[in-house]
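Trainee: I have the model open and would like to go through its chain contacts and a few local details. Could you take my questions as they come?

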Amino acid sequence: MLKNSFIALLVLAFGVLLFHGVVKLYKVPEKLNRTAEFYNSNEASQIGAANVVTAVVVTYRGLYTLGEVTVLFLAASVIGFFLKRKKKTAPVDAKPAGSELMTTASKVLVPGSIILGVYVFVNGHLTPGGGFQGGAIIGTAILLLALANPTYSISKKVFHWIESISGFVFVAIGLAGLLLAGGFLDTRFLPNGEMLSLFSAGAIPLIYSMIGLKVGSEISGIILELNDTQPNQD
Amino acid sequence: MLLSIENIALASGILLILIGLLGALTNKNIIRMIVAFSIFDTGVNILIVTFGYMPGRTAPIIDGAKVTAQNIAQVAIDPVPQALVLTAIVIGFGVTALMLVFALKMHEKRKSLDINDYTDLKW
Amino acid sequence: MVSPYFLLGIGLGLAFLLGLLGQKARKSSSILILVALFSFVGISFSWLWQFLQENASVTQFFSAGFKPPFSIALQVGLHEAVLTSMINVMGLFSFVSLWRNMKDGNEKLGPILLILFMGLNMLVLTRDIFNVFVFLEITAIALGGLILFDEKKHARSAGFKYLIASALISTIYLLGAVLIYFSNGSLYLDDVMALNNMSPMAIVAVFLLILSLVLELKPFPANGWALDVYQGANPAIGAIVSAAIGSTMLFLLYKLMGMAAFMQEFLIAVGLISFIASNLLALVQKNANRLLGYSSIGQIGLIISIIGLKDILGDQFLFVAFMILITHFLAKAGLFWLSAMLKSDELKAWSVFRKKSVLLVLFGIFIFALIGFPPFPSFYGKWTLIINLAETHNYYLIAAILIGSFLEAIYLFRWLGYAIKVDFTEYDEVKINWEKLIPVLTFGALLLASGLYMAHLMPGIEDITLWPLLFILAIYLLDFLPAYIKNTISIAALAYFSFIILPPYYEKDLLRFIFLGIFAIGGILTLIAGYAYKGKRRGFYPVALLMYAGLIVLIQAETTLSFFFGWEIMTAGSYFLIIRGKRSMEHGLSYMLFSIGGAYAILAGLGLTFAQTHNIDILSLASVTVHAKLIFLLLAVGFLTKTAALGLHIWLPGAHAEAESDVSPMVSAILLKAGVFGLFILMIAMGKNPEVASIAYILGWVGALTALVGNLAAAFQEDAKRLLAYSSIAQLGYILFALAMMSHLGWMTAMVYSLNHFMYKAILFLTIGAVVLRVGTHSMYKMGGLIQRMPLAFIAVLVGIIALSGVPPLSGFAGKWFFYNAVLEKGWYFQGAIVFFSGIVAFLYLFKLIYSVFLGQLKDNLRQVKDISIWFAIPIYVLILGIMFFSAKPEWVLQPLSDMLTQWYPNTSLSFDGLYINSNFGYWSGTGVMITIMIMFIVLLLWLWILSRKVVKVKQFNIVYSAEAPQRPETTHVSYNIFAGYYKALGWIVAPKISELWNKISDFVVSVAHFGRMIYTGNGQTYLVHILAFIVVTFLWFLN
C-alpha cells in the first residue's frame, strides 16, 4: 500500500512536470510553420497526391514509413519465431466454434472488410487512409474469420509469401527512386498524372498497395500463429 | 477559453498518460500492465495530434472544392503531426504485440502472470 | 562516395527476401547474410578510406529528392565512417560467432540480426530527430527477439523487462521529438543545432531527448533491466549490446548534444556516478555475464561523462573519447565472446582457459586493456584525459575517475587471478570452434595493433620503447621452444642491451647508468639461474622480459608519459611473474592493487605537474610552483608503494616469499629499485623546492620506522623466504631514510645501500631459493646441518649475511660508514638511533638464517640432498665476486658516485685521497680494512687447519646435551621460535595492525557494495519505477 501511494505520488509529480513543461508553454499556432507551409503549398505540384499526409508519409518522409514497415516485420518475425516452438497439433475440436450470429455475420463482413481494406490502401493518395489503415482492416477481417470458423485453416504460407514479396518490392521501389529519380524513395520516377485520378502521384499508389498487403499479411500472420498455439489442456 | 478543444484534448491526453503510467507501475498482472502501456501510448498519441490542431482549419486533403491546391496553405492544418502519429501508432502496435507474446511464453513456462514471480535475476 | 541508402536497400531487401527462402535454403540464406554484412563492412571502409586518404568532405545524402528539413538526410562524415566501420565489423563477427546457432532451426535469427545492424548504421547516419525514434524502436524489438533465441533459463523474463523499460524510455524520446517539431517547425538536426535562442518549449524538448538517450545508456540506478539482459541472454548477444549498441547510442548522444550544451554538467555527473557505482557493485558479483554487464555500464558511464566534458577537453576531446571507446568496444566484445565459449556462468569457470593458453592470453589482454595499461589505447586516452582535467583544475573529477578505475581494477584482476590459479577440473572442457575463435582472436589482435600504432603516434613516447614490446611478442610466439633456448635468447637480448646500449650512459648520466646496470646485469644473472628448470616453462619468458623491458623503458624515459608507460609495463610483467608461485593468487592480487593505487597516485601527480608546466619533460618537475606539496606527496606515495614503505608494505612478504625460486631475486633485488629510482628522480627535481622539506622530514621518519618494523618482523619468521622479504622491506626503509636526508652524504648512503642490497639480496634469495628447490620446504626449522651437504650454499649465505649486516670488511660496512656520517652531519639523531637499533636487530635474523638452515644437526630426510644447482651457483658466485671487488676497492665505485652527486649537492665534506676516504668525522680505507681482515682471517684459518689435523672425528650423536644423549636431530637442533623472548618484549611493534587496517577498509567497501546491489530486486516493474523516478528527479532538478 505504501509502495503504491509512493508510485501514485511519483506519477502525479510527472503529471505536474508535464503540465509545467508542456501544457503551460503550449500556444495554439496562428499559421503554419515553414515545413508545413512548404508541404501544403508545394505538394500538389511536386508529388500530385490529393492527400498531403500521404505524400508526407510516403515520399517526403518516406524513411519513417520504411522504418515502421521494418518494425512490423521484426515484430512479426520475432513472434513467428517465438511461437513456432509450440507443437503444431492443437486439437481442432477443442476450440469452440463461434456463435451463430458471428458465423453468419462473418460471411458478409469478412469479404466486405477485405474489399474495404483494399480500397483504403489503393486510394491512400486520394482519400484519408493508406497502407497501414487498409492493412489493419484486412487483419481485422482475418481475425473475424479465425474466430468465427476455427476449423477453417488458412494457409500461413501465402501470407509469408505476400509479406516477403511486398516488402522486397517496397525496397526495390525505394532504390528505383535513388537510381531513376532524385533520391531514395522519390516517387516521381513514375509520372504524376492528373490530380484526383487513381493513377496519379507517381509511385505512391504502388507503394501504399505494397504496404497495405504487407501490413495485412503480417497482422494476419500474427493472429493466425497466436490462434494455432492453444495450450493442450483446458 | 478553458473548455476549448485544444485544452480538452491536452487534458485528456495527459490524463491518459498518467493513468497508463499508474496502471503499468502498480498492476501486478502482466496483461494489465500491457493494457496500461497501450493506454499510455494512446495518451501520447492524443498529445501529438493535439499539437497539430489549428482552430478553424480542415484536413490537408485536396478535394477540389473547399480545399484546392491553391488555398490549401491557408485552410488546412499541418500534415506532419499526422504522419508522426501514424508512425507512432504502428510502432506502438508492434511493441504491444511483442509484449503480449512474451507474456504468453512467460506464462507457458511458469503458469503465472504475476510480475513479482519473475525475479530470478537480481542483485 | 557510396550512398548510404544502399546499406538500407541491401539490408532490408535481403531481410525481406529471406522470408521467402524458408527452412530448406538455410545454408544459402546464411551465406547471403554473410555477403550482405561483408558489403556493409565494405561500404563503411570505403567511406573511411575516402576520409583518411582522399580528404573527402562531409556529405549529406538527401532522400526523396528534397532537401532537409523537408526530407530526411543521412550524413556521412569521418565520425560516421569510423562508427559504422566499427559497428559493421562487429556485425560481421557476431554473425560468424553465431553461425552454429543459425543452423538449429533459427532461420529468423539471421534477418533479425541483419536488420538490427542496419538500424544501428541508420542511427549513426541520420540527421532527423524523429527518424531516430523509429530506428530506436527497431533496435529495441530486434534486441528483444535476439534475447530469446538461445532459450537460456531466464531469457524470457529478461527480455520482457527489457521491452517494458524500452517502451517507457522511447516514449519519452517521442515526446521530446514532437515538442521539438512543435517549437521550431523542423526535425532536422542541423536546424535545431543552429538555433541561437531556444524557446522554453525547445529547451524542454531537448531535455527530454537527451534524458531518454541517457536512459538508453543505462545510468545508475535506473539500469536493473539492463543487467538482466546481460545476464539472461547469450553472451554473444551481450557482446552486441555492449559493444555495438552501446557505441551507437553513445555516438547518438554525442550527436544530439550539439544542441544541448546546457546539459553537459548533467552528463558529467550521471556518467561518473554510474562509473563509480557500477564498478563498486561489481566487486561482489559471482556471475561472469552479470559482472561484464556492470563493467559495461561503468565504462559507458565514463564515456558519457567524457561527452559531457567536451568543451572542457577542447580539441583533445575526440582523441580521448575515441581511445576509450575503441578499447571498450574491442575488449568487451572479446570478453563476451570468450564467455560464450563456456558452459558455466561462474567467474572461476574461466580457469578452464588455461588448457588453451592462447585464450588465457587473450583474456589477459582484454583485462589489461580495460584497466588502461599500456600499450592499449585506453592508456593514452586516460593519460590525456587526466592531464587535461588537471590543466582545467577539475581535481575532484580526476579523483572520481581514478577511484572508479581502481574499483574496476580490483574485480578485474581478481577475476584474472582466478583464471590463472583456480583448479579447473570441476568445470567442463571448452570446445573451441573456429567460428567462436576467429572473432576473439581478431579483436585481441586489433587491440594490440591499435595500441602499438597509437604508441607510435603519440608525442612523448619515443619509438625505442616499442622495440622491446615487439621482441616480447616474438618470444611469445616462440613459446613452444624448450626453456633453455628461450633463456639463451633472453639473456642474449639483455646482453645486447648491456654491452651496446648501456655503456654510453656512463658519460651521459651516471645515475641512469647505475640503475640500468642493476636491471640489466641483474637480469642476466637471475636468468642464468633459469637454466636449472627443465621443460618448456611456458609463459615465463614473455612476462619476465616484459618486466625488464618496462624497467629499461622507465630508466631511459625522458618524458613523463614514457616514464609512466614503462612503470605500468613493469608492473604488468612483475604481476605475472609473481602469480606463478604455487600459493600466489591472493598475493598477486594485493600486489597488483597496491601497484595500481600507486600508479594512479603517480598519474595524478604527473597530471598536476603538466597542468602547470605544460611540458612533458621529466625534468619539468623542477619548475612546479603551485601545489608542490601535493604533487610531491602523490608522487612519493606512488613510488613508495613499489618500495613497500611502512603502511604500503603488506603485499611484499607474501609476493616475494611465494614466488618461484628465480623470481624472488628478480622482484626483491631488482624490481624494488624501480621505486628507488623514482624517488631519486623526484628528489632531484623537487628537492630544492622549500615546500617539500617538511614532507621529506616525514619521509625520514617513515624510513626509520620501516627499517625497525621490517627487521623485527624478519626476526620472528620461520619461513626463510619471508624472512628475506621482510629484510628487504627494512633495507628499503634505510634507503628511504637516507634519501630523505637530502644531503650529499645521505645520497651517497642511499646509492651505496642500493648497490649493496641488490648484490647481497640477490645472493641470499638465489641461494635460499636453490636450497628450497633441493629441500622442498621454506621452513627453516625443517632444515639444519646443511653445511655438510651444501658447502657452496653455506659460503654464499655467509658472505651475504656479512655484507648485509654491515660488518667489515665487506661492502655493507661502506654503507654503514656513510650512514653514520650522514646522520651526524644532518642532525637527525633520534631517527638515526632507531635505524641503528634496527641494524642491530638485523643480526638476530641473519644469525637465525644461517644457524637454522646450515648449522646444527642434519635431519634424516635430508641426508642425501645434493648441493645447489650449478645454474644457481654461477650467478651467486659472480655476485660474490662483485661484493668482494666492491669491498676491496670501494673508491673505484664511490669516487664517481660522489662526483656525480656533487651536481646536486656541491658542498661535500667527502674527499678522496688515494686509498682513504675522508669526511668531517673521520676516515676510512676499504682496501686497508679488507687487507687487514683478510690477513687475520687467513692466519686464523691456517692455524685452525693445522690444529684440525689432530682432531678426532665423532659420529653425529656422540654428544651429551644437558645430561641426555639424544638420538634424533630434532631434539638437538632447536630453531623453532628461538626468539620467543624477544617476541614477548618487542612483538607488539610487529603486530599486524596495518594489515588489519587495510582489511577493515576492504571489508567496508565490500559491505557497501552488498548494500548497493539490493536495489536490483529483480522485479521489472520496480525497474520501471526507478526509471520514472530518475526522470522526475532530473526534471525537477532542471526546473530550478
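Trainee: How much area is buried between chain C and chain A?

Mentor: About 5,400 Å² is buried between chain C and chain A, and carbon and sulfur atoms give 78% of that area. Buried area here is the accessible area (1.4 Å probe) that two parts lose on being put together, summed over both. The model is a predicted one, in which local features need pLDDT of at least 70 and side-chain atom pairs count only at pLDDT 80 or more, while totals for chains, interfaces and linings use all residues. Residues are numbered from 1 along each chain as its sequence is written, chains are lettered from A and ligands numbered from 1 in the order in which they are written, and side-chain values use heavy atoms, with hydrogens and water left out.

Trainee: Which residues of chain C lose the most area to chain A?

Mentor: They are C:Phe16, C:Phe66 and C:Phe70, which together account for 15% of what that side buries. In the contact as a whole, 63 residues of chain C face 59 residues of chain A, where contact means heavy atoms within 4.5 Å.

Trainee: And which helices pack across that boundary, at what angle?

Mentor: One such pair is helix α4 (residues 62–83) of chain A with helix α6 (residues 129–148) of chain C, at an angle of about 10° and with axes 9 Å apart. Because of that angle, α4(A) is roughly parallel to α6(C); the label applies to angles under 35 degrees, with over 145 being roughly antiparallel, 65 to 115 roughly perpendicular and the rest oblique. Axes are lines fitted to C-alpha atoms, for helices over the stretch in contact, and angles run from 0 to 180 degrees between N-to-C directions. Helices (H or I, at least four residues) and strands (E, at least two) are DSSP runs, numbered from the N terminus.

Trainee: Which residues meet there?

Mentor: On the α4(A) side they include A:Leu63, A:Val71, A:Leu74 and A:Phe82, and on the α6(C) side they include C:Phe130, C:Val134, C:Ile138 and C:Leu148. The residues of this contact divide into 13 nonpolar, 4 polar and 2 charged. In that scheme Ala, Val, Leu, Ile, Met, Phe, Trp, Tyr, Cys and Pro count as nonpolar, Asp, Glu, Lys and Arg as charged, and the others, Gly among them, as polar.

Trainee: How many salt bridges are there between chain C and chain A?

Mentor: The count is 2, a salt bridge being a side-chain nitrogen of Lys or Arg within 4 Å of a carboxyl oxygen of Asp or Glu. A:Arg61 pairs with C:Asp128 (2.9 Å, N to O). C:Asp191 pairs with A:Arg34 (2.6 Å, N to O), a link from helix α8 (residues 189–193) of chain C to helix α2 (residues 34–46) of chain A. Over all chains, the structure holds 12 salt bridges.

Trainee: Now chain B. How much do chain B and chain C bury between them?

Mentor: They bury about 3,800 Å², 76% of it on carbon and sulfur atoms. B:Phe102, B:Leu121 and B:Trp123 lose the most area to chain C within chain B, together 24% of what that side buries. The interface has 1 salt bridge, and C:Arg156 meets B:Glu108 in a salt bridge (3.8 Å, N to O).

Trainee: Changing topic: in what order do the strands of the open sheet in chain C run?

Mentor: The 3 strands are ordered β3-β4-β5, with antiparallel pairing; two strands pair if DSSP finds at least two bridges between them. The edge strands are β3 (911–913) and β5 (922–924), each pairing on one side only.

Trainee: Which helix packs on that sheet?

Mentor: Helix α34 (residues 812–826) of chain C does, touching β4 and β5, and its direction makes about 170° with that of β5(C).

Trainee: Last one: where are the backbone oddities?

Mentor: Most residues other than glycine have a negative phi, and most peptide bonds are trans. The bond from C:Phe220 to C:Pro221 is cis, with omega near 0°, and C:Pro221 sits in the loop between α9 (200–216) and α10 (224–232) of chain C. The bond from C:Pro808 to C:Pro809 is also cis, with omega near 10°. B:Lys111 is not a glycine, yet has a positive phi of about 60°.
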